[in-house]
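These are my notebook entries on one protein chain. I record what I looked up, residue by residue, and then turn to the chain as a whole.

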Amino acid sequence: MFEGVLGNSMLWKAVNRSIAEYSFIHLREYGNGPRKQVDDTPYGGGDGMLLMVEPLVKAIAVAKANDPTATVFLPTPRGKVYKQSDAKRLAASDNGIIIICPRYEGYDERITQWIDESFCIGNYVLTGGELPAMILIDSVVRLLPGVLGGENSTEIESFQQDDETIEFPQYTRPEVFQDKAVPAVLLSGNHAQIEAWRKQNGRH
Ligand code: ADE
């Protein structure tokens, strides 16, 4: 699932420029018994299978051996909602990031004792942690110096000042498309008025 996202565009450029590095651990390699079992039925009954604590703790130990100061993240709908301020905080940190990708139905709650932070990417439920993991990676890596190639554009974009502020709308050629015109003020050349319009039309 990760290849298409990490193998393209800015996320791949970051690897080529030695700014970021990604590696994968297959949980099944640390599964129990000859069948390499990684999930089991819940105590107390109920539908579905839960990710077991033991294979996961073994896999985290291997990841930590590669990167001892890395922070361990768990994507879960029960986590705190992930914001741009989190992306900035993680991009500014020198620590690596380990992300566990559970499949839903869920996980043995005891795994949370090996987790540093849990995060939720929105109030909806996905089938697994892969997409939330990729969202976290994308939002952090694009902020690393050198990834967006000499741009200072992240400074004026949405959510950069705080988690609420949205960037103003922008337009390019043509001036009129199917009766829809670019706001006249943007063509005026009046920088003070343009600045005022942009302030008014960004959302706070
Ligand atoms: N796993 C399943 N749904 C999720 C969500 N909304 N956020 C983080 N992890 C999840």
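**Entry 1: aspartate 108.** I asked first whether aspartate 108 is buried or exposed. In this predicted model, aspartate 108 has a relative accessible area of 17%. Buried means under 20%, so aspartate 108 counts as buried. I located aspartate 108 in the loop between β5 and β6 (117–120). I then looked up which residues aspartate 108 touches when its neighbours within four places in sequence are left aside. The contacts are with Leu50, Leu51 and Val53. I also noted a polar contact at 2.6 Å, which links the side chain of aspartate 108 with the side chain of arginine 110.

**Entry 2: tyrosine 104.** I moved on to tyrosine 104, which sits in the loop between β4 (97–99) and β5 (106–107). Its relative accessible area is 25%. The range for partly exposed lies between 20% and 50%, and tyrosine 104 is therefore partly exposed. Which residues does tyrosine 104 touch, not counting residues up to four places away in sequence? I found Pro75, Thr76 and Pro77, together with Leu126, Thr127 and Gly128. I also checked leucine 50, which is 54 residues from tyrosine 104 along the chain. The C-alpha atoms of tyrosine 104 and leucine 50 are separated by 7.7 Å. Leucine 50 had already appeared in my notes as a contact of aspartate 108.

**Entry 3: backbone details.** I looked up where a cis peptide bond occurs and recorded one that joins arginine 173 and proline 174. The omega angle there is about 5°. Proline 174 belongs to the loop between α5 (130–141) and β7 (176–177).

I next examined serine 18, which has a positive phi of about 55° although it is not a glycine. I placed serine 18 in the loop between α2 (9–16) and β1 (39–40). Is serine 18 buried or exposed? Its relative accessibility is 66%; since exposed means over 50%, serine 18 counts as exposed.

Aspartate 179 is not a glycine, and I noted for it a positive phi of about 70°. This aspartate lies in the loop between β7 and β8 (180–181). Aspartate 179 counts as exposed because its relative accessibility is 75%.

**Entry 4: the whole chain.** I then asked how many helices and strands the protein chain has. There are 6 helices and 8 strands. Read from the N terminus, I wrote their order as α-α-β-β-α-β-α-β-β-β-α-β-β-α.

I compared the radius of gyration with that of a compact globule of 204 residues. The globule would have a value near 17 Å, whereas the protein chain has 22 Å. Along the principal axes, I noted that the C-alpha atoms fill a box of roughly 70 × 40 × 30 Å.

What percentage of the 204 residues counts as buried? I recorded 36%. The protein chain exposes about 13,300 Å², and 51% of that area comes from carbon and sulfur atoms. I also considered contacts with a separation of 6 or more; residues 24 or more positions apart account for 67% of them.

My last check concerned charge. The protein chain has 20 positive and 27 negative side chains. The centres of these two sets lie 1 Å apart.

Note on methods:
Residues numbered from 1 in each chain as written. Predicted model: local features only at pLDDT ≥ 70, side-chain atom pairs only at ≥ 80, totals over all residues. Heavy atoms only, no water. Helix = DSSP H or I, 4+ residues; strand = E, 2+ residues; numbered from the N terminus. Rg over C-alpha atoms; globule rule 2.2 N^0.38 Å. Buried < 20%, exposed > 50% of the residue type's maximum accessible area, 1.4 Å probe, protein only. Contact = heavy atoms within 4.5 Å. Areas by Shrake-Rupley, 256 points an atom, 1.4 Å probe, with all protein chains shown as cover. Lys, Arg positive; Asp, Glu negative; His and termini not counted. Charge placed at Lys NZ, Arg CZ, Asp CG, Glu CD. Polar contact = N/O pair within 3.5 Å; in protein donor to acceptor, adjacent residues only side chain to side chain.
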